[in-house]
Amino acid sequence: MQDQTFSRLAFCVTLASWAAISCAPAESDSNNDGGGGATATGSVSSASGSGVATSSGTTAAGTGGDNSGGSGGAEPTGSGGTGMGGWPEGAIPMGNAPVPSAGCGKATTLTTKEYTISSSGQNRVYYVDMPSNYDMNKPYRLFYTSHWIGSRWQDVEGQDFYFLKPQMEADGEQAIFVAPSSDGATWQEKDHALFDDIMAFMNENVCYDTTRVFATGFSFGGMITYSLSTNHQAEIRAAVGIAPANYNIWLPEKTHKPIAWMHMTGMSDGTCPWVNNEAQKRGAKFIALEKAEDNGCTIPDEIPTSNGAYSCYDFQDCDPEHPTRVCTFGGGHTNIDGNPNWIPIESWKFFKQF
């Protein structure tokens, strides 16, 4: 499986034409320009089918994620909701027992293919990758994976969901992967509602662990991952941004509640740079500092970075439930660096600790 994963590197796709309207310095603070996919790679595969994500045969109208899941107490034993149950402020202890979604124990009609859902008055498409030999009584991890600018869910599926799937399979693990497509080239404000709607549907129709919903994405996908992480801490346990930025993306009013966070940035990245504007706190550096502060970490005088081989820095004294990590390397705007590709290796190491 590992050899198959990295054989995909032969199918590199350069999206340099998008980089000019990406995270690079802009003349205004418009949130309509997004992150590029300058060296995003991977083959594009087609859907194995299409469907409508409903139990009744009509397009589902999502109800939005809420925080109603689980019963109170030290470890929620309730069945569902997209929230984190009875733990205050999402402070779920590491290694907690799974909290099953409402879909656990029920047969599902979902298979691995593209689906359609009604969200914000539109029909939106997303792809679901179901575990082989799916067990309706097993609460799986669920990954919400967002594509880069100008691409679609097919590009993320073509990379085995940022190469996380083969990493998991090598460890004998399986998960449910969800990969939506944006409405146009970039992610927008309405894509927060899309997340809520998809997760509300998934909660009722598949068995997953509501305390192990993870988000990741590259470039503009990393930016919407960051955007979701600023007000969906009760729904997303941990998130990994690959070459993200904190500007040129719609951002909600931030709650500054804690969330486990990790991101990677090449120190030569001119598309979504480490520092775009120090005075305005634009750049990946300021994502790291914001998350560290939200997670109760000690803020160092300078974050250690690397202009050579990759190096990861773990912030110290963080809330034990909310590890905070940033990896830097002497490379550019990419989600593939080295052979083996360390980015999915480090991503999976971060996710599997929960």
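Which backbone nitrogen does the side chain of N341 reach at 3.3 Å? I looked this up in a predicted model, and the answer is the backbone nitrogen of I343.

**Entry 1: N341 and its surroundings**

I located N341 in the loop between β10 (324-329) and α8. I then listed the contacts of the N341 side chain. Besides I343, the side chain of N341 reaches the backbone nitrogen of D337, at 3.2 Å. I recorded N341 as the residue that caps the N-terminal end of α8, through a side-chain oxygen 3.3 Å from the backbone nitrogen of I343. I also asked whether N341 is buried or exposed. N341 has a relative accessible area of 0%, and because buried means under 20%, I entered N341 as buried.

**Entry 2: helix α8**

I next followed the capped helix itself. Helix α8 spans residues 342-352 and is mostly covered, with eight of its eleven residues buried. I noted the buried positions as W342, I343, P344, E346, S347, W348, F350 and F351. I343, whose backbone nitrogen the N341 side chain reaches, is thus itself among the buried residues of α8.

**Entry 3: helix α4**

I turned to α4, residues 160-170, and found this helix mostly covered, eight of its eleven residues being buried. The buried residues of α4 are D160, F161, Y162, F163, L164, P166, Q167 and M168. After α4 comes G172, for which I noted a positive phi, near 75 degrees.

**Entry 4: nonpolar cores**

I examined how the nonpolar residues group. In soluble globular proteins, nonpolar side chains tend to be buried together. The largest nonpolar core here holds 37 residues, and those touching the most other members are Y126, L142, I176, V178, I198, M202 and Y208. Two or more residues come from each of the strands β2 (113-119), β3 (122-129), β4 (140-146), β5 (175-180) and β6 (208-218), and from the helices α5 (190-205) and α6 (220-229). Which element gives the most to this core? I found that α5 does, with six residues. I also recorded a second, separate core of 29 residues, which includes W148, L164, I242 and A260. L164 had already appeared in my list of buried α4 residues.

**Entry 5: the largest pocket**

Finally, I inspected the open space. The largest pocket has a volume of about 230 Å³. I listed its lining as N246, H256, K281, F286, L289, E290, E293, D294 and I299. By residue class, I entered this lining as four charged, three nonpolar and two polar.

Methods
Residues are numbered from 1 along each chain as its sequence is written. This is a predicted model: local features need pLDDT of at least 70, side-chain atom pairs count only at pLDDT 80 or more; totals for chains, interfaces and linings use all residues. Side-chain values use heavy atoms; hydrogens and water are left out. On a 1 Å grid over the protein atoms alone, a cavity is a set of points where a 1.4 Å probe fits but cannot get out, and a pocket is an open set with protein on both sides within 12 Å along at least five of seven lines; lining residues have an atom within 4 Å of a point. Grid points are joined across faces, edges and corners, and a volume is the space filled by probe spheres set on the points. Ala, Val, Leu, Ile, Met, Phe, Trp, Tyr, Cys and Pro count as nonpolar, Asp, Glu, Lys and Arg as charged, and the others, Gly among them, as polar. Buried means under 20% relative accessible area, exposed over 50%, partly exposed in between (1.4 Å probe, protein chains only). Helices (H or I, at least four residues) and strands (E, at least two) are DSSP runs, numbered from the N terminus. A polar contact is a pair of N or O atoms within 3.5 Å; within protein, one must be able to donate a hydrogen and the other to accept it, and residues adjacent in sequence count only if both atoms are side-chain atoms. A nonpolar core is a set of buried Ala, Val, Leu, Ile, Met, Phe, Trp, Tyr and Cys residues joined through side-chain atoms within 4.5 Å.
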